[in-house]
Amino acid sequence: MHATDLPQCGMPKTNELMRAELAELFQRYDADGNGRIDMEEFERLLRRLGEDRGQANRAVQFAQIDADGDGGIDFDEFVAWWLRA
Ligand SMILES: [Ca+2]
Ligand SMILES: [Ca+2]
């Protein structure tokens, strides 16, 4: 994926910069590289952020982030969560 493929909707530069950083972060935690962060990968991410508050909480959080409910957090869902957090 190239940055130039992203839609240019007049977003401020800081957002684009952030998106690039988020893409890097996302790829780092998408351990199997399938373009989605599953529960196991999500656990690792939360631990790294120091925000793991137990399995029950994690499952709730995961469900909230997984907007389309397909059992994985894709990049768009990840970005939406990150910007909200
Ligand atoms: Ca994955
Ligand atoms: Ca999803």
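The mean pLDDT of this predicted model is 88. Of its residues, 86% reach 70 or more. Confidence varies between the elements. Helix H3, residues 55–65, has the highest mean pLDDT, at 96. Helix H1, residues 13–29, has the lowest among the elements, at 89. Where pLDDT is low, the predicted coordinates should not be read in detail.

The secondary structure is made up of 4 helices and 0 strands. Along the sequence the pattern reads α-α-α-α. Contacts were considered at a sequence separation of 6 or more. Of these, 40% join residues 24 or more positions apart.

Buried residues account for 9% of the 85 residues in the protein. The largest nonpolar core has 6 residues. Its members are Phe26, Ile37, Phe42, Leu45, Ile73 and Phe78. Within this core, the contacts of Ile73 were examined, leaving aside neighbours within four places in sequence. Ile73 is in contact with Ile37, Phe42 and Phe78, among others. Each of these three also belongs to the largest nonpolar core. The contacts of Ile73 further include Arg36, Ile65 and Asp66.

Trp81 lies in helix H4, which spans residues 75–84. Trp81 counts as partly exposed because 17 C-beta neighbours lie inside 10 Å, whereas a buried residue needs 20 or more. Asp66, one of the contacts of Ile73, is 15 residues from Trp81 along the chain. The C-alpha atoms of Trp81 and Asp66 are separated by 9.2 Å.

Definitions and conventions. Residues numbered from 1 in each chain as written. Chains lettered and ligands numbered in written order. Predicted model: local features only at pLDDT ≥ 70, side-chain atom pairs only at ≥ 80, totals over all residues. Core = buried A, V, L, I, M, F, W, Y, C linked by C-beta atoms within 7 Å. Buried ≥ 20, exposed ≤ 12 C-beta atoms within 10 Å, placed from the backbone. Contact = placed C-beta atoms within 7 Å. Helix = DSSP H or I, 4+ residues; strand = E, 2+ residues; numbered from the N terminus. pLDDT = per-residue confidence, 0-100.
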